[in-house]
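Reader: I am in my first year and I would like a close look at one part of this structure, residue by residue. Please start with a single position, and then go on to other places that can be read in the same way.

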Amino acid sequence: KIKSGLAQMLKGGVIMDVVTPEQAIIAEKAGACAVMALEKIPADMRKSGQVCRMSDPKMIKDIMAAVSIPVMAKVRIGHFVEAQVLEALEVDYIDESEVLTPADWKNHIKKNEFKVPFVCGAKDLGEALRRINEGAAMIRTKGEAGTGDVSEAVKHITKIRGEIAEYKETLKTEEQLAQKAKELRVPVELLKETLEQGKLPVVNFAAGGVATPADAALLMQLGCEGVFVGSGIFKSSHPEKLARAIVEATTHYNDAKKLLEVSSDLGEMMGGVCVESIKQTDKRLAEIGW
Ligand code: PLP
């Protein structure tokens, strides 16, 4: 509860991927609510084809020293020792992330055993609730990181919201609830709490493929409570201006006049790869896991 309260403080904000202290300072000045410290942004990791691990703690520490907003860092799925190392470093949040190569293809980290809050990715309600049951304080859509294609993030938030709405309508008896909880492999109490609230019991951010202010506002209008932006900002021609515009768009996501203003004259956006084009040729990050 305390950990999800910490994550609630990020609500409505934008979390930006940064690879240097200089980028972290730009993100903070632009109004980011937190930064994600990492060595390579997902667009570059995707190209590398290498094992992607936790970043060098020295590099994360330098970013922590450069800014006063919370700093997050990523660990591999199931790599509880990388998480122990980052907790010892006192990062503010840990992202157990499919953007890195998984260390364990079956088990995620038992996040309840840590004091530091975790964020995890999800594509559907079952996945989100399994991660929350393991102790995640925050959920983000998996999206398709590094592409600049927002469509997978849209798919994931629509799925999560749609399943909550559907089960709220259709699961009336204790037996039906118990059956669905069993199918989703989560405690029935957690499913009930979610359906009663009509939303996940922790903050639900968007991530994966967000590249423009309009993308951020789209995901907010679809029910996300904040946005992660990875490759989008520092792969564009005017990072400072775009970073500020995405923060504004996330705050004023229902104000078309404001969105018009902040969408204008931003220079070149990140190039982007459409999700369809990588369907056959490459493994999609969102499809890591089941
Ligand atoms: N996501 C990733 C990246 C995984 O590697 C795995 C499992 O190994 C999962 C998700 C599956 O977890 P679950 O079925 O509990 O959602």
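Author: Gly198 has a relative accessibility of 27%, so it counts as partly exposed, a class that runs between 20% and 50%. The model is a predicted one. Gly198 sits in the loop that joins α9 (188-197) to β7 (203-205). Leaving out neighbours up to four places away in sequence, the residues in contact with Gly198 are Arg161, Ile164 and Lys168. A separation in sequence can be set beside one in space: Pro117 is 81 residues from Gly198 along the chain, and their C-alpha atoms are 23 Å apart.

Another loop position is Lys111. Lys111 belongs to the loop between β4 (93-97) and β5 (118-122). Its relative accessibility is 0%, so Lys111 counts as buried. Beyond the four places on either side in sequence, Lys111 is in contact with Lys3, Glu96, Phe118, Cys120, Arg131, Glu134, Gly135 and Ala136. One of these residues, Glu96, makes a polar contact through its side chain with the side chain of Lys111, at 2.8 Å. Ala83 is 28 residues from Lys111 along the chain, with 9.2 Å between the two C-alpha atoms.

Two further positions are worth a look for their backbone angle. Arg185 has a phi near 60°, which is positive although the residue is not a glycine. Arg185 is placed in the loop between α8 (174-184) and α9. With a relative accessible area of 53%, Arg185 is exposed. Asp265, also not a glycine, has a positive phi of about 60°. Asp265 comes in the segment after α13, and at 66% relative accessibility it counts as exposed.

Next come the helices. His156 is part of helix α7. At 4% relative accessibility, His156 counts as buried. Apart from residues up to four places away in sequence, His156 touches Ala122, Lys123, Thr141, Lys142, Gly143 and Ala286.

Helix α7 also has a part in the surroundings of another helix, α10. The buried residues of α10 pack against α7 (151-170), β8 (227-229), α12 (239-251) and α13 (256-263). Helix α10 covers residues 213-221, and its buried residues are Pro213, Asp215, Ala216, Ala217, Leu219 and Met220. Asp215 can be followed further. Its relative accessibility is 14%, so Asp215 counts as buried. A polar atom of the Asp215 side chain lies 2.9 Å from the backbone nitrogen of Ala211. Outside its neighbours within four places in sequence, Asp215 is in contact with Val150, Gly209 and Val210. After α10 comes Gly223, with a positive phi near 115°.

The last helix to consider is α4. Helix α4 runs over residues 57-66, and its buried residues are Met59, Ile60 and Ile63. Looking down the axis of α4, these buried residues fall within an arc of 100°, so they line one face of the helix. The general background is that an α-helix has 3.6 residues a turn, so residues three or four places apart point the same way. On the face of α4 turned away from its buried side are the exposed residues Lys58, Lys61 and Ala65. The buried residues of α4 are covered by parts that include β1 (14-18), α2 (21-30), β2 (34-37), β3 (71-76) and α5 (80-89). At the start of α4, Asp56 has a side-chain oxygen within 2.8 Å of the backbone nitrogen of Lys58.

One of the covering elements, α2, can be described as a helix partner. The axes of α2 and α4 are 9 Å apart and meet at an angle of about 35°. The crossing of α2 past α4 is right-handed. On the α2 side, the contact is made by Pro21, Ala24, Ile25 and Glu28, and on the α4 side by Asp62, Ile63 and Ala66. Sorted by class, the contact of α2 with α4 has five nonpolar residues, two charged residues and no polar ones. Ile63 is thus met twice: as one of the buried residues of α4, and as one of the residues that touch α2.

Conventions:
Residues numbered from 1 in each chain as written. Predicted model: local features only at pLDDT ≥ 70, side-chain atom pairs only at ≥ 80, totals over all residues. Heavy atoms only, no water. Buried < 20%, exposed > 50% of the residue type's maximum accessible area, 1.4 Å probe, protein only. Helix = DSSP H or I, 4+ residues; strand = E, 2+ residues; numbered from the N terminus. Arc of directions from axis to C-beta. Contact = heavy atoms within 4.5 Å. Polar contact = N/O pair within 3.5 Å; in protein donor to acceptor, adjacent residues only side chain to side chain. Axes fitted to C-alpha atoms, helices over the stretch in contact; angles between N-to-C directions. Left-handed = near helix turned anticlockwise from the far one by under 90°. Nonpolar A, V, L, I, M, F, W, Y, C, P; charged D, E, K, R; others polar.
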